[in-house]
Structure formats: C-alpha cells, structure tokens
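Me: Hey, I'm new to reading protein folds. Could you walk me through this one if I keep asking questions?

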Amino acid sequence: MMMSGGDIVDNKAVVEGGVKDMYGEDSATLDQLATPWTISVSSGYSLLRDPRHNKGLAFTEKERDAHYLRGLLPPVFLSQELQEKRLMNTLRQYQVPLQRYMAMMDLQERNERLFYKLLIDNVEELLPVVYTPTVGEACQKYGSIFRRPQGLYISLKEKGKILEVLKNWPERSIQVIVVTDGERILGLGDLGCQGMGIPVGKLSLYTALGGVRPSACLPITLDVGTNNQKLLDDEFYIGLRQRRATGKEYSEFLHEFMSAVKQNYGEKVLIQFEDFANHNAFDLLAKYSTTHLVFNDDIQGTASVVLAGLIASLKLLGGTLADHTFLFLGAGEAGTGIAELIALEISKQTNASMEESRKKIWLVDSKGLIVSSRKESLQHFKQPWAHEHEPVKELVNAVKAIKPTILIGTSGVGKTFTREVVEAMAALNEKPLIMALSNPTSQAECTAEEAYAWTEGRAIFASGSPFDPVEYNGKLNVPGQANNAYIFPGFGLGVIISGAIRVHEDMLLAASEALAEQVTQENYDKGLIYPPFANIRKISAHIAAKVAAKAYELGLASRLPQPEDLVKCAESSMYSPTYRTYR
C-alpha cells in the first residue's frame with residue numbers, strides 16, 4: 001500500500017516533536033493506569049531492578065500481588081512524598097558534596113522518577129550537587145567512583161562502526177543528545193573519557209528543568225584520547241591510553257559520528273556540543289549548523305543566559321544596551337560567544353551594522369587588550385574584536401582606559417578580578433555590573449563577598465557557580481547566578497515542541513528576552529538580575545514558547561499546524577516524575 005507524506009506521521013500518536021509514544025507513557029493522565037513495559041511486562045525481582053518503573057516501598061498492596069512482589073519488599077507502604085522526605089534527610093547528613101553526588105547517581109540508577117521528583121522539588125539545593133560545582137570534582141574522580149556505565153562511550157576503536165554502536169542503545173526515540181570529547185571540562189581542562197559526568201548531568205537537567213522525558217535523552221562521550229599525563233598514568237583511568245587524535249583523524253571521526261546520528265535518529269534530534277576545546281568548538285558549530293540541529297552550550301547557551309541578565313540589569317542600571325560599554329576578561333568560546341550575541345541584540349535594537357555594534361565591546365585575553373595592532377597573530381574568532389587602541393597589558397589598566405560600565409569574566413582563571421580592578425570599576429560607575437562567570441567556584445574571577453566589599457555594596461553581581469547571600473552595611477545582597485541551566489532546558493523543549501530542524505541565532509535572542517521577562521520587581525529589589533530557580537519549570541515553559549514561536553516565524557518548525565497556546569503546549573508536554581499506578 002502506498003503512503004502519502006501525510007500518512008507517515010500519525011498525529012494522534014506523536015508526543016511533541018514527532019516521537020511516537022507507543023506505550024501511552026506521556027499521553028496518559030496520572031489517574032490512568034500504565035503498564036511498566038520493558039521488552040515484556042516487568043514483574044517481581046526484575047521490576048525492582050528496573051529504574052524506570054521501580055517505586056521501592058511505594059508499591060501498593062494490589063500492585064505487590066499483581067506483580068509478584070510479595071516478600072521481595074518489607075511490608076510497609078511509603079508514599080513518594082515520604083520517600084522524598086527520607087532521602088532529603090539522608091542527603092543533608094552528608095558533609096562532603098561528592099558523597100551527595102554519588103547518592104543522587106545511585107538513586108537515578110535505582111528509581112528514576114524519585115530522582116527527578118527530588119531534583120524538581122529541591123532544585124536550588126540539589127542543582128549544585130548534580131551539576132556545577134560538584135560535577136567537576138566527580139569528573140576528576142570518575143574513574144574511581146565509576147559504578148554502572150551511563151550513556152554511550154564511542155572511542156576511536158569504534159571508527160567505521162559508529163552507527164552500529166548507536167544501535168546498541170536500547171531507546172529508539174531520542175530527542176536530545178549531549179556530547180563531549182572531554183577536552184575542556186568546565187575550568188578543569190582535559191579529563192578525557194571521564195568527562196562523561198557532564199553530558200549525564202546536563203541531560204538530567206533537560207528532564208528536571210525542561211521536562212524532556214528521560215528515555216528521550218542520550219549522553220555520549222567521544223573518546224579520542226587525552227593529553228592529561230596524570231590520567232594516562234592512572235591505573236584506574238577508564239578511557240583510551242593514548243594522546244588525543246587531531247587534524248584529519250579527529251574530523252573524520254566526528255563526521256562519521258554526526259552522519260550516524262542523523263541516519264539513526266533523523267533530522268530533529270538536538271545535538272548539544274559540550275566542553276569541547278575552543279578551536280574544535282567553533283569549527284564544529286560552523287561546520288554542522290547548516291546541516292544538523294546543533295547547539296553549543298558553552299558558546300550559545302552561556303551567551304543567551306548572560307544576555308538575559310544584561311537585558312534585565314538595564315532596569316537597575318538605566319539606558320539601553322547600546323548606551324553601555326562592555327569589557328571581557330577571557331576571549332575563548334564563552335567570551336566571544338557572549339560578545340557576539342550582545343552585538344547582535346544591539347544591532348537589532350539600533351539598526352546599526354554588526355561592525356558598528358561590536359565597537360561597544362572590548363576583550364582582554366592572556367596577552368592583554370585585543371587591539372587592531374595584534375590582528376595578524378589572533379585566532380580567527382578573536383579578530384572581529386580587535387579595535388583601534390594602543391596596546392594595554394594589564395586588566396586594571398584596560399578598565400581605566402576603556403571605562404566599561406559592565407565587566408564580564410570568562411577566563412577560567414580564579415581571582416583575576418583583583419581588588420584594584422573592582423575598585424577601578426567602582427570609581428567609574430555608581431552601580432558597576434560585575435559578572436564572574438568561570439566555573440567551578442574555585443575558578444570564579446572574584447567572590448560575591450569581594451565584589452560587594454570592594455564596591456562598598458554598590459555592585460550588581462552575578463556568577464557562574466552559586467554564592468551565598470552577603471550582608472554589607474546591614475543590607476542583604478543576593479548574588480545572581482548566570483547559570484546555563486536557565487536557558488538550555490527551555491531552549492531544548494522549545495526546539496522539540498516546534499519540531500525545529502535548525503537552530504537560528506534569533507531563537508537564542510528570543511530565549512534571552514523570555515528569561516529577562518521573568519525577573520520580578522521583588523527580585524530587582526534584592527539586586528537580582530535572574531529569577532529564583534525555584535520557579536524554573538514555569539520559566540522553562542515560557543522560554544520554550546518564545547523559542548518555538550521564533551522557529552515557526554522563521555519557517556524552521558516542522559510540527560504543523562502551530563499550536564494556538566505555546567506556553568500551554570510546553571507545559572502539557574513536560575515529563576512528570578509522579579509515580580504511576582500499575583495495572
């Protein structure tokens with residue numbers, strides 16, 4: 001029988017984004033009965049070992065009879081709420097953050113819904129545990145804390161067979177892939193194969209904060225070797241013991257991977273590049289953004305979240321973006337990515353050219369201020385930022401020469417916003433905006449306490465990793481956190497619900513504007529330029545709606561017709577971690 005194009009996708013059977021929900025997992029409401037499918041119906045001992053369907057002591061009497069669980073569990077029944085309370089009590093007793101991280105990972109492997117319930121309900125407390133800063137330490141020690149493999153490890157040994165390796169993954173309906181090659185993990189450098197902690201952590205946030213269901217997420221580490229001698233000498237290292245592949249060998253391996261992903265999962269799988277080294281990150285984004293649905297969180301996600309903070313901060317600083325002068329310390333992926341998005345927003349608001357808009361933005365790298373006399377020796381992604389000025393070596397002198405209103409740190413080097421630098425900003429501005437964005441906390445350019453103390457409490461401060469509120473002269477200052485987790489989960493959900501086939505920079509601007517709109521007067525009164533994480537799912541739904549709307553407007557959306565209420569569509573397609581009742 002011939003099928004027309006319209007018959008291929010059964011609209012009644014698709015979840016947002018065109019992935020079939022064969023078992024009614026998502027379309028069923030909570031009071032409807034669900035079947036805990038694996039290959040057959042899970043029951044007895046295997047049901048308790050199946051993280052997607054295991055409920056621990058929350059199985060009811062009826063379920064224990066129906067699924068052969070009698071005697072395999074103690075007689076007591078504990079509701080999901082009580083299980084959550086008990087686990088939070090246990091987690092709070094651990095003094096060492098890494099112990100909390102390991103306890104959370106154990107829970108994820110044992111009881112998926114309870115893991116996400118915990119994370120969603122206690123997001124402000126647990127985000128630093130499953131993500132930055134604790135995930136950095138976890139990656140450094142991944143070899144010794146490694147228990148069960150999560151995600152796919154694709155090494156150079158699999159060259160020529162990557163498609164077969166992808167087929168080994170049990171899930172077919174993948175919507176988001178987060179992939180790393182482990183070369184630049186946070187501010188910690190080359191961690192090789194042990195960088196897997198990052199894709200795993202990021203995808204748990206896609207689910208908890210953006211509502212993408214866990215079975216649609218796939219973490220991948222591409223192991224092309226490591227140049228970290230300490231790891232190569234470590235008897236417990238879990239990756240390839242060889243120096244990193246580069247050049248042709250590297251690009252061919254990546255090309256095979258990208259082609260295999262498209263062949264196996266189709267056009268609409270979002271591939272998020274994560275923690276690649278600068279040179280590869282820019283090249284991969286440029287190479288694949290026209291043929292694949294790709295997103296680089298370090299370049300685009302960071303830029304979008306910082307731009308949102310800047311748009312929101314205008315309520316406190318006054319003026320428009322074009323009225324301000326920006327100085328960056330750090331001219332890598334994050335620095336140039338943020339700078340480019342700011343210039344794009346300025347150019348959209350003022351109708352000026354990009355070249356003109358870039359002149360408001362200055363960058364300092366390890367050799368000093370980026371100026372036109374250095375143009376010959378600069379990497380290609382730094383060249384647009386080389387403006388006319390005499391060379392300036394030190395950051396403090398650059399501050400005095402450029403007179404920025406906004407200072408942004410993306411250097412990956414801690415303690416670089418010294419007292420002299422911050423005091424120079426305070427001397428120039430009534431309310432200096434200081435963003436110390438490098439992760440983890442140990443690599444932050446300055447602490448919240450330093451920023452407030454050195455500016456006599458006048459600074460507006462935001463950082464990449466969380467800092468506690470600081471009291472200065474009787475006023476409680478709450479530092480903002482420019483965390484990518486505000487943007488990428490909602491952005492990913494927006495891409496999925498619209499069935500977008502490409503990422504356009506205007507979708508990033510839409511995400512920034514949506515996030516800035518979520519900051520309330522109450523937040524501003526505390527000096528916050530980001531909304532609290534407690535409302536993150538609501539925030540993500542609004543970001544998803546704005547991103548999806550932009551995808552429809554640009555003609556990049558494939559899920560037609562466009563839903564009338566995109567916020568409602570985003571909220572209704574979010575994964576709920578509440579336990580289901582089994583037949």
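Me: What is the order of the strands in the open sheet of seven strands?

Reply: Before we start: this is a predicted model, where local features need pLDDT of at least 70, side-chain atom pairs count only at pLDDT 80 or more, and totals for chains, interfaces and linings use all residues. Residues are numbered from 1 along each chain as its sequence is written, and side-chain values use heavy atoms, with hydrogens and water left out. Strands (E, at least two residues) and helices (H or I, at least four) are DSSP runs numbered from the N terminus, and two strands pair if DSSP finds at least two bridges between them. Here the pairing is mixed, and the order is 10-9-8-11-12-13-16.

Me: Which strands stand at the edges of that sheet?

Reply: Look for strands with a single partner strand, so that one side is left without a neighbour in the sheet. That fits strand 10 and strand 16 (480–481).

Me: Do strand 8 and strand 11 run parallel or antiparallel?

Reply: Generally, strands of a sheet pair through backbone hydrogen bonds, in either sense. Strand 8 (residues 326–329) is joined to strand 11 (residues 406–409) by four bridges, and Phe328 stands opposite Ile408. The two strands run parallel.

Me: At about what angle does helix 16 run to strand 8?

Reply: Helix 16 (residues 333–350) packs on the sheet and touches strand 8, strand 9 (361–365) and strand 11; contact means heavy atoms within 4.5 Å. For the angle, axes are lines fitted to C-alpha atoms, for helices over the stretch in contact, and angles run from 0 to 180 degrees between N-to-C directions. With the direction of strand 8, helix 16 makes about 165 degrees.

Me: How many residues of strand 9 are buried?

Reply: Buried means under 20% relative accessible area (exposed is over 50%, partly exposed in between, with a 1.4 Å probe and protein chains only). On one side of strand 9 you have Ile361, Leu363 and Asp365, and on the other Trp362 and Val364, with both faces covered. So the buried count for this five-residue strand, which is mostly covered, is five.

Me: How many residues lie between strand 9 and strand 10 in their hairpin?

Reply: Strand 9 and strand 10 run antiparallel, joined by two bridges. Asp365 stands opposite Gly368 in strand 10. The number of residues between these two strands is two.

Me: What is the strand order in the open sheet of five strands?

Reply: The pairing in this sheet is parallel. Its edge strands are strand 3 (152–155) and strand 7 (294–296), each pairing on one side only. From one strand to the next the twist averages 25 degrees. The order is 3-5-4-6-7.

Me: Why is strand 4 said to be largely enclosed by the rest of the structure?

Reply: Both its faces are covered, with Val176, Val178 and Thr180 on one side and Ile177 and Val179 on the other. Strand 4 (residues 176–180) is called largely enclosed because the buried residues number five of the five.

Me: Which helix does the chain pass through between strand 4 and strand 5?

Reply: Strand 4 is joined to strand 5 (residues 217–223) by five bridges, and the two run parallel. Thr180 has Thr221 as its bridge partner. The β-α-β crossover is right-handed, a label used if, with the strands pointing away from the viewer, the path from the first strand over the helix to the second runs clockwise. The connecting helix is helix 11 (residues 197–210).

Me: How many aromatic pairs does a search of the whole structure find?

Reply: Rings of Phe, Tyr and Trp (its six-membered ring) pair if their centres lie within 6.5 Å; planes under 30 degrees apart count as stacked, over 60 as edge-to-face and the rest as tilted. Among the pairs, Tyr116 and Tyr575 have ring centres 5.9 Å apart and planes at 80 degrees, so they are edge-to-face. The search finds 11.

Me: How many residues apart are Tyr116 and Tyr575?

Reply: Tyr116 is in helix 6 (residues 112–121), while Tyr575 is in the segment after helix 25 (566–572). Tyr116 is buried at a relative accessible area of 3%, and Tyr575 is buried at 5%. Their separation along the chain is 459 residues.

Me: Is the pair of Phe282 and Phe381 stacked or edge-to-face?

Reply: Both residues, Phe282 and Phe381, are buried. Their ring centres are 4.3 Å apart and the planes are at 15 degrees, so the pair is stacked.
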